[in-house]
Structures are given as C-alpha cells and as structure tokens.
Amino acid sequence: MTEHAWSYKSTAGHLAGTDLTGYKVEATDGSIGKVDKHSDEVGDAYLVVDTGVWIFGKEVLLPASTVTRIDAENKKIFVDRTREQIKNAPEFHRDKHLGDAGYHEELGTYYGSGAPFGGRPA
C-alpha cells in the first residue's frame, strides 16, 4: 500500500497547478537542493530534486507525502526526512525511473509508513 506516498498531505499547503520548479528543498537537518521537476498528478505526485554539490550530479525523487509544508513566499519546500534518509534512498535515474511502476513501489515502501528501510521518523 504505497499509493498514499504519492499524494500531498492536506496540511502541506500545496495548491494544485502551482509551479514548484526552482523552490529550495529543506530536509529536517538542512538544505538538499532545488526542485527541477514535479508532478501534481493524483496518486503520482512527486518532486525531482537536483542536489547540486550536496550529492554531486545526482537527483533524488521524493514522493509528495514527504512534503510537510510549502512556503510560497520564500519559495521553500520542507520535507519530513533527514539528509541521510534522502541520501540512502534507492538511487534515482530520471530517464530510467520516472515512469517505472516497480521503482515507484520500491521508493513508496522506503518512504512509506512502517517501512523496513528509512521509514517515517518517530
């Protein structure tokens, strides 16, 4: 049951249709990069974050459920994971993984509630 991983929480402040490209993304313990691409699609909402020099040359895919708050005024998105949890997520390659249901399942499990890997923070 990972479909809820791919939906924004009602408390996140997300407005469908808002362009989040370029927003800074903040983990619980610091910045991880900027949004390069995002999807608002119901049941398949996500952020692709360019990590810049933090994980040099890498992008990460974050399910929408990781978003706790969107600050439109300051163009920042806050997620409920640490930098380490994000860094240890299954590796993401945009060309290979964006439409890959198996990868979405794996990532949904990693970030989902009660996950055997990183899981939600307590």
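**Exercise 1. Find how much surface the protein chain exposes, and what share carbon and sulfur atoms supply.**

Step 1. The exposed area is about 6,500 Å². Accessible areas here follow the Shrake-Rupley method with a 1.4 Å probe, and for residues only the protein chains shown count as cover.
Step 2. Carbon and sulfur atoms supply 51% of that area.
Step 3. Note the basis. This is a predicted model, where local features need pLDDT of at least 70, side-chain atom pairs count only at pLDDT 80 or more, and totals for chains, interfaces and linings use all residues. Residues are numbered from 1 along each chain as its sequence is written, and side-chain values use heavy atoms, with hydrogens and water left out.

**Exercise 2. State what percentage of the residues is buried.**

Step 1. Buried means under 20% relative accessible area (exposed is over 50%, partly exposed in between; 1.4 Å probe, protein chains only).
Step 2. Of the 122 residues in the protein chain, 45% are buried.

**Exercise 3. List the helices and strands in sequence order.**

Step 1. Use DSSP runs: helices are H or I with at least four residues, strands are E with at least two, numbered from the N terminus.
Step 2. There are three helices and six strands.
Step 3. The pattern reads β-β-β-β-β-β-α-α-α.

**Exercise 4. Work out which strands stand at the edges of the sheet.**

Step 1. Two strands pair if DSSP finds at least two bridges between them.
Step 2. The open sheet runs β4-β3-β2-β1-β6-β5, with mixed pairing.
Step 3. β4 (59–63) and β5 (67–71) each have a single partner strand, so one side of each lacks a neighbour in the sheet.

**Exercise 5. Describe how β3 joins β4.**

Step 1. Strand β3 (residues 46–50) runs antiparallel to β4, with five bridges between them.
Step 2. Valine 49 has valine 60 in β4 as its bridge partner.
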